[in-house]
Amino acid sequence: MNYQARFQFIRHALDESGGFDSTNKEGSYLIRYPRESEEKYLRRLEVAWYVNDLLPAASRFAGHLALNPPDRKFPTVAYEAMAKDVDGMGTPVDGFFHEFAKQAKAFGSMLLLVDGPAEAAANQGDQLQRRLFPRLRSISPERVTEYVLGDDGKFDSVSFKGRCLHDGKTVDCVWTFTRTSWQAVGSDGGGALSSGTFSLGECPVLIFTEQGTFPCFGPFSTIASLSKRLYNLHSELDEILRGQTFSLLTYQVPPDQAHAFKESAGKIAETIGTHNMLMHNGDTPAFIAPPDGPAKIYLERIEKIEAKIAEISMAVEMPQGQESGITMKYRYQALNAALSEFAGRMADLEARAWDLTAKWFRQAAKPEAGYKGSYMLADVVEEMSILQQMQTGGMPRKALAEQMKRIVSIQFSGLSQERLDEINAEIDEIEKEVEAADLEGQDGGDEKDFGGEADK
């Protein structure tokens, strides 16, 4: 597989560009019919519309991760200042990795460049004032032109398209990073525009993949292919509706009167419309409508592809049709498992990024990023219903307390672990108080309950 073409196709689906742009008359992903004229194809292209399912899916997934941001600790003032602007363009560390995660989920692969400062700082004050820190740069995989992987799975060298400053102007170029050096070569094939060396011991371009080695295409990349099919299906359905929606006016001519209508039939067909009326003798004219079978077939096919996209994107908040509680529970479990695995890979990437940053700083101390080990996304309404059923069924108080803790973890997932522990401790305290009250009332006094009926 041509990984460059595949990644470029995913970029088009993500940005509604390339063949998904209806103004693109040459390389459109709208497939032309075998005997379709150029004029008719261009007319169909003008009214074609593309539904972007990939971007919302990737944004939704990254949004779930953002609800539980990692707990970062920065050992020095320099790291704290860098975290407020990790790319030199004012982007804080949370915002940078949120956007990185969104792109990475769409492609299945992303690269992260930990670029060293332009020059060494005289002292810490000079470093803070002029922001002489390493900068993080996200590199989408369709920009990669060539690469060589080492035995350790890291880049021996990697080249990618970009831009650089040369003679006071920003020009297109190709960047190449190895384990010991870097250079920028003009896209016109000229000599090196700039170059340099470093002693990090590895290439500063880090690899992120959802599985395996680079290049990797994640599960969401399939949405791009399904979107191309939907793009064509919608256009083909529009063609059917535009050509067959309107009913045709008919008038049955008796055989003995056919000669009277032979010459005027064409003129009647040309002039009949909503602006005039038809005079007739005998039977009343009628309208006939084309069959709706073809349109129904297209609608059913579109619905199946849309359902498949929803399944791949794990869109649990927008279920397709009526689903049982068990089905929804499995959907949430699948999403939580995917989030946990993705967060683990993001934690590994960020740890490697801070390792390189520490090498650029020539410091032993480095930041720590504590990502959530598990996610508890679920339907809170359904969980509350389960709690009520447990109360009605006379479940033990300890079981009720655990269900309450589950609801708290779901509803307040954005709180710090310390605050969640405080809320859970209050639940445990209430459970102990109720248990103590029950022990006092065993001599026949009134029993107290814990949010429901007491144990019998």
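A pocket here is an open set of points on a 1 Å grid over the protein atoms alone, with protein on both sides within 12 Å along at least five of seven lines. Its lining residues have an atom within 4 Å of a point. Grid points are joined across faces, edges and corners, and a volume is the space filled by probe spheres set on the points.

This is a predicted model, in which local features need pLDDT of at least 70, side-chain atom pairs count only at pLDDT 80 or more, and totals for chains, interfaces and linings use all residues. Residues are numbered from 1 along each chain as its sequence is written, and side-chain values use heavy atoms, with hydrogens and water left out.

## The largest pocket

The largest pocket holds about 1,200 Å³ of space. It is lined by 42 residues, and D115, G116, P117, A118 and R135 are the closest to its centre. The lining divides into 22 nonpolar, nine polar and eleven charged residues. Nonpolar covers Ala, Val, Leu, Ile, Met, Phe, Trp, Tyr, Cys and Pro; charged covers Asp, Glu, Lys and Arg; the others, Gly among them, count as polar.

Which elements each supply at least two residues of this lining? They are helix 5 (93-107), strand 2 (109-115), strand 3 (135-139), strand 5, strand 6 (169-178), strand 8 and helix 11 (325-361). Helices (H or I, at least four residues) and strands (E, at least two) are DSSP runs, numbered from the N terminus.

## Two open sheets

Strands of a sheet pair through backbone hydrogen bonds, either parallel or antiparallel. Two strands pair here if DSSP finds at least two bridges between them.

One open sheet has five strands in the order 4-5-6-7-8, with antiparallel pairing. Strand 4 (144-149) and strand 8 (192-197) each have a single partner strand, so one side of each is left without a neighbour in the sheet. The twist averages 20° from one strand to the next. For such angles, axes are lines fitted to C-alpha atoms, and values run from 0 to 180 degrees between N-to-C directions. Five bridges join strand 4 to strand 5 (residues 155-166) in the antiparallel sense. In this pairing, L149 stands opposite F155 in strand 5.

The other open sheet has three strands in the order 3-2-9, and its pairing is antiparallel too. Its edges are strand 3 and strand 9; each has a single partner strand, so one side of each lacks a neighbour in the sheet. Here the twist averages 25° from one strand to the next. Strand 2 and strand 9 run antiparallel and are joined by five bridges. L113 stands opposite V205 in strand 9, and M110 stands opposite F208.

Strand 9 (residues 205-209) is mostly covered, with five of its five residues buried. Buried means under 20% relative accessible area, exposed over 50%, and partly exposed in between (1.4 Å probe, protein chains only). In a regular strand the side chains alternate between the two faces of the sheet. In strand 9, V205, I207 and T209 are buried on one side, and L206 and F208 on the other.

## Selected residues

Four residues, their places and their relative accessibility are set out below.

| Residue | Place | Relative accessibility |
|---|---|---|
| Y41 | helix 2 (residues 38-46) | 8%, buried |
| E202 | loop between strand 8 and strand 9 | 10%, buried |
| D167 | loop between strand 5 and strand 6 | 69%, exposed |
| R362 | loop between helix 11 and strand 12 (368-370) | 73%, exposed |

The side chain of E202 makes a polar contact with the side chain of K154 at 3.4 Å. A polar contact is a pair of N or O atoms within 3.5 Å; within protein, one must be able to donate a hydrogen and the other to accept it, and residues adjacent in sequence count only if both atoms are side-chain atoms. Y41 lies ten residues from I31 along the chain, and their C-alpha atoms are separated by 9.0 Å.

## Backbone exceptions

Most residues other than glycine have a negative phi, and most peptide bonds are trans. D167 is not a glycine, yet its phi is positive, at about 55°. R362, also not a glycine, has a positive phi of about 60°. The peptide bond from F214 to P215 is cis, with omega near 0°. P215 sits in the loop between strand 9 and helix 7 (221-244).

Terms used
On a 1 Å grid over the protein atoms alone, a cavity is a set of points where a 1.4 Å probe fits but cannot get out, and a pocket is an open set with protein on both sides within 12 Å along at least five of seven lines; lining residues have an atom within 4 Å of a point.
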